[in-house]
Structures are given as C-alpha cells and as structure tokens.
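This report introduces a protein structure to a reader who has not met it before. Please keep the sequence and the three-dimensional view at hand while reading.

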Amino acid sequence: MATLAKEAADAAKAEGEAPWRRLVNDFCRSPLAVFGLVVFLIVVLVAVFASQISPQNPYDLNQLDIMDSRQPPGERSADGYVFWLGSDGQGRDMLSAIFYGLRISLAVGVSSAVIALALGTTIGLMAAYFGGRVDTLLMRAVDIKLSFPSILIALIIVAVLGSGVWKIVLALVVVQWALYARTVRGSALVERRKEYVEAARCLALSHSRIVFRHILPNCLPPLIVVGTVQVANSIALEATLSFLGIGLPITEPSLGLLIANGFEYMLSGQYWISVFPGVALLITIVSINLVGDQLRDILNPRLQK
Amino acid sequence: MTVFILRRLMQSFVVLFIMSLLVFVGVYAIGDPVEIFISPEADQIERERAIAALGLDKPLWAQYVYFLQGALSGDLGRSFRFSIPALELIMQRLPATLELTVAAMILSLAIGLPAGIYAGFRPESRLSKVIMAGSIFGFSLPSFWVGLMLILVFAVELGWLPSTGRGEVGTILGVTTSFATVSGIQHLILPALNLSFFNMALITRLTRAGVRENMLMDYVKYARAKGLGMRRVMFVHVFKNILIPIVTVVGIQMGQVLAFAVVTEQIFAWPGMGKLIIDSISNLDRPVIVAYLLVVVIMFIVINLVVDVLYSVLDPRVRLQDMKG
C-alpha cells in the first residue's frame, strides 16, 4: 500500500514538473552532450564578443604589418604581442581572424537555419492541415528538392545570382526548407486527427490560430532536433561554398574563406593558416552535433520509458 | 512496371521543364542575356547580330522557345574562355569526373562493407567502437576539410602521394582513364579517398545495422543448427540480405558523390566538370554555367529513375504500382 501511495505521489510530482525541467534533467544525463553544449556556448560568446577579446582588428589595415606575414604560432609581432596561432600572408593575427570569422560563420549559419525553419514549418503545416491538392503539390515540391544534393542547389543559386552575404543566406534557406517541411508535416498529420484539434475547430477558431497555437507546439520536438543539426550543416555548407571561392565576399572572411586563403601556403608547410580556422570550424560543428544527438535521444517518443 | 516507368518519365520531363524555366528566368530575366551569351570583346555589329540570332528582341515567351530550341539541338552557346561550344567542353571534362566518382564508390564499398560486417558481428569489441566513432567523423567533418588534411598528411608531410592534377592517362579497351597508368592511380588515390569518406561512414553504419538485425533472425539460427560454419552463414546468407539496402543507398549516393565531386576536384585540381563549373563561376563564363546546370539536372533525373527501377528489381517486396513515384 505504502509503495503504491509513494508511486502515485511520484507520478503526481512528475506531472507537476515543468516539461522543460524534465528536458534539462534528461539532457544532463549525457556528460558528452553537456560538454558539447558548454563548448558551443563558449563558441557563441567568443563570436559575440569577437571585437572585445581579439588582440587585433583583422579588418583594420592600419594595424597590419607586412613584416609580420606568415609568422609561425608563438612568434612575437613587430608591435610586441604574441601570435598565438601564427599570422597569415598579410600579417594578420590568426586568432583574431578566427574570432571574427567565427562570428560571420555563426551568423550566416544560424540566421539561414532559422529562416528556413520558419518557412519550412509554415509550408509543412499548411500541407498537413489542408491536405488534398495543397498537400500533394507541396510535398511533390519537397520530394523534387530533396532528390537534388544540397551543394548542387546552392551552386545553382550562386551561379545564377552571384555571391554575397544575403545570396548565400538565400541559397542556404532554399537548401534547407524542404527538410523542415517534411519533418513538421509528418507530426502535424498525426496531431491533426486528435480530438483537441476537433475541439478547437468546434470553437470556430481561425485556421491560423489552430495551426500555429494548437498544432505547432505539439510538433516542436522533432523540429528542434532537425533544427539543431541543420545549424551545423548550414555552417559547414557555407564554409564549403566560401572555401570554393563562391561564398561570402573576401572583405569579411568567414572560416571557410580563411581556410581557403591558407591553402596555398599549406603546400609549403605553413600549415597554421589553414589548420587553425579549420579546427575552429570543427569544434563548432562537432559541439552542435553532440547537442543534437542527445536532443534526438531525449525527444524521441519511441525511446521514452 | 511499364506504367511506372512511363509515369516517372513524364514526371521527369515536368521536372526538367521546371528546371529549364528556372535556369531561363535566372539567366534571362534576372541576369542580362546579352552579357551572358555575347563575349565582352564583341564589337557593336557583332553584338547586334548576336542579339537578333538569339532572338533577344522578341517577347520573353518567344525567347524561352528560342532557348529551348537551342538547348534541344545541343546549342548552349560558346565558352568565352575556350571558344568551343559549352556542351562540348563539359563532355570533355565528364569522363574525369565519372572516373573519380566510380573510384570513390568502389573505395567506400571496399572499406565500408568489411568494417560494417565486423562492427555488426562483434559490436562489443574495441575495434568496432573505433570504427563506429570514426564513422561519426565521416558524417560530421566537412569534406573539404578532410581533403586538406589528406593533402597535409600524405602529400606535404609524408610525401607519399601527389596532391594535384590527374597524372598520366592511358587507354584500357579504348577508354581513356587514369586506371591505366601507375601515375594515374597514384593521383587518383587521395581525391577518391576524400570523396568516399562520407559514403564509407554511411555504408559502414548501414552494414552494421543490417548484420545486427539479421543475426537475430530465425534463418541464421536454422543455418547454424544445420551445422553450417559462422563464416558461411555470414558471407552467403546474411550478406545477401544486407545487400538490398546497400545497393539502394549506393545508387542514391551516386548522385550525391557526383555533386560533391565539385569540392574534391577543386581541392585536388582534378580536371573534371566540377572544377570547370567553379572556374566558370569565377570567370563569369556564363554559357558554360548554363550548359553545366542543364546537363547535371538531366543526369540527376536519369540517376533517380534508374535507382527507383533497380530498387524494385532487387527487392520484390517493393511494388512499383504502390510507390507514388
């Protein structure tokens, strides 16, 4: 009897517990994921405060000295401070360049993922909610989009529109929206048939209110998972495009462009110009993926006890 | 079957039509076709003649018909840089890309299959854990970064393999290929390894999952009870069953690899069509860009069609009539 009462009390407590609290507890069960989250938060902080913590402003040509070019890591500059990660062909401190590059890479990656999320979610919800012709048409577009590799689609857009920050963001959005649309449609189709939606309809609530206030919150878990992983993917894709020289402009080098700039020196053994921006890129991508993996595990209803 | 293929063909034409429309709008409405198809060095008379020949003085829909007519007869303009028809230029570069793609696929199967079978057969062993951890890197590392590291380690530090170009090509059975010469194969190893990395990880994981799933099935127990050795059960019985998803994935990934060859070709200066398109984008050689886009879209449509048909042939459980193509 006593155990039964205790179980009931536990259940009541568990129910009273805010969902996000349970989420945090579940998330913290994996030390690796917590580590990933901490690393990612540090990366974000570094990116946000890049101009405060960098030893040098890498865009300010007055601060650059050609005498400092291609110094190995640990060498002192003409002005006396240490190039912890070496300097590039123009005498730019790599550490500062990486901090600034990180900022651009993150901004482009995150903003394109968020725009794609909003667009894809709206399309997926519409397809699921209205069904019929709308659904067929939208999902056929998704199928066609997904049958082409992302790099190819990005290439087509850049080839037609030319490069530039907003064009790259557009390309990344076009690459990603279909994935969100398909994900949200899958869960929205299930939610649509549930009674609370019917109840909302009976209350004569507007379509948009039902879709965004009632159905959408219940479709969030898979979206969060896809969204996390997609931030990493879009950072990687932007880096790839910039590396190919068809991404962001040279005036504001992202990590991909820094790596590309160092490529020519790498063959003569000056590895640091390419390798350190690459390591920064990897740390960012891997930390996001660690977080994404754990989110996938805790938000997957099939794995929940 | 015939109905399915016909339906897919029709759908393919719709996609092709939409894509040609998109490329057309991109090139003609957003960009300036006069700049795109007429060399900047042309004088005024040449320009006017070309404008008339391209039908640029006509309304937009008529221009689209002109564009389609040109595309259908293989006339997609001449490359500014090479002064030969853009289509011909792409066809010249196509074999190098196909070679790289095929080599990468073979490599990812040759390494991914054994690694996956081992990891599935002995999931608890240390080597299996190393394999699985490695496969995560195969997924999450950007391919261009892996390429750089390959060059740094094997070309710069160790000096074992060349890092740029295609090397000497020879002829086997009338086909010009790098496989024919030692230098060609040496040049092929690093780019192919780079390009195969992602698929290696994918095939390893799929194989492992397939082996683990199939090992629990009754037919394996039955074969073991019959007294067959583990080796025979694994390589004759289980292997056949895990092959179906792998063949499908290889088919689908073929297109992905072909597209990602763009990155690999650029890093290793491999003279394929991927390097051509990047060079053309940087040099504003627009006829080549347009031709490349149309050729690649056609290739993709064909690949997707072949994969769907192959899938149904391999796995009789899939009935094409049910698939909403």
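The sections below treat aromatic pairs, salt bridges, cavities and two individual residues.

## Nature of the model

The structure is a predicted model. The values in this report are accordingly computed from a prediction.

## Aromatic pairs

Two rings are characterised by how far apart their centres lie and by the angle between their planes. Across all chains, a search of the whole structure yields 3 aromatic pairs. In the pair of A:Phe243 and A:Phe263, the ring centres are 6.0 Å apart and the planes stand at 55 degrees, so this pair is classed as tilted. The angle falls between the limits of 30 degrees for stacked and 60 degrees for edge-to-face, which means that neither of those terms applies. A:Phe243 belongs to helix α11 of chain A, residues 220–243, while A:Phe263 belongs to helix α12 of chain A, residues 255–266; the pair therefore ties together parts that are 20 residues apart in sequence. A:Phe243 is buried, because its relative accessible area is 7% and the limit for that class is under 20%. A:Phe263 also counts as buried, at 18% relative accessibility.

A:Phe243 takes part in an aromatic pair with B:Phe144 as well; this pair is stacked, with 4.7 Å from centre to centre and 25 degrees between the planes. Here the pair crosses between chains, running from helix α11 of chain A, which holds A:Phe243, to helix α7 of chain B (residues 143–157), which holds B:Phe144. With a relative accessibility of 0%, B:Phe144 counts as buried. One aromatic cluster is formed by A:Phe243, A:Phe263 and B:Phe144.

## Salt bridges

Oppositely charged side chains can pair when their charged atoms come close. The search of the whole structure finds 6 salt bridges over all chains. One of them joins the side chains of A:Glu191 and A:Lys194, with an N to O distance of 3.3 Å. The partners fall into separate accessibility classes: A:Glu191 counts as buried at 9% relative accessibility, whereas A:Lys194 is partly exposed, with a relative accessible area of 38%.

Chain B provides further examples. The side chains of B:Lys129 and B:Glu124 meet in a salt bridge at 3.8 Å, N to O. B:Lys129 is partly exposed, its relative accessible area being 47%, and B:Glu124 is exposed, at 62%. Another salt bridge links B:Asp218 with B:Lys221, whose closest N and O atoms are 3.9 Å apart. These two residues are 3 residues apart in helix α9 of chain B (residues 218–225), so about one helical turn separates B:Asp218 from B:Lys221. Both B:Asp218 and B:Lys221 are exposed.

## Cavities

Empty space among the atoms is revealed by rolling a probe the size of a water molecule over them. The structure contains 2 cavities of 30 Å³ or more. The largest cavity encloses about 70 Å³ of space. Its lining consists of A:Leu152 from chain A together with B:Thr97, B:Leu258, B:Ala259, B:Met273, B:Tyr292, B:Val296, B:Met299 and B:Phe300 from chain B.

Two helices of chain B, α10 (230–267) and α12 (286–314), each supply at least two residues of the lining of the largest cavity. The largest share of that lining, 4 residues, comes from α12(B). By residue type, the lining of the largest cavity comprises 8 nonpolar residues, 1 polar residue and no charged residues.

## Two residues of chain A

A:Gln294 is located in helix α13 of chain A, which spans residues 272–299. A:Gln294 is buried, with a relative accessible area of 12%. When residues up to four places away in sequence are not counted, A:Gln294 touches A:Asp26, A:Phe27, A:Ser30 and A:Ala33.

A:Met94 lies in helix α5 of chain A, which covers residues 94–130. A:Met94 is buried, with a relative accessible area of 0%. Along the chain, A:Met94 and A:Pro19 are 75 residues apart, and 43 Å separates their C-alpha atoms.

Terms used
Residues are numbered from 1 along each chain as its sequence is written. Chains are lettered from A and ligands numbered from 1 in the order in which they are written. This is a predicted model: local features need pLDDT of at least 70, side-chain atom pairs count only at pLDDT 80 or more; totals for chains, interfaces and linings use all residues. Side-chain values use heavy atoms; hydrogens and water are left out. Rings of Phe, Tyr and Trp (its six-membered ring) pair if their centres lie within 6.5 Å; planes under 30 degrees apart count as stacked, over 60 as edge-to-face and the rest as tilted. Buried means under 20% relative accessible area, exposed over 50%, partly exposed in between (1.4 Å probe, protein chains only). A salt bridge is a side-chain nitrogen of Lys or Arg within 4 Å of a carboxyl oxygen of Asp or Glu. On a 1 Å grid over the protein atoms alone, a cavity is a set of points where a 1.4 Å probe fits but cannot get out, and a pocket is an open set with protein on both sides within 12 Å along at least five of seven lines; lining residues have an atom within 4 Å of a point. Grid points are joined across faces, edges and corners, and a volume is the space filled by probe spheres set on the points. Ala, Val, Leu, Ile, Met, Phe, Trp, Tyr, Cys and Pro count as nonpolar, Asp, Glu, Lys and Arg as charged, and the others, Gly among them, as polar. Contact means heavy atoms within 4.5 Å.
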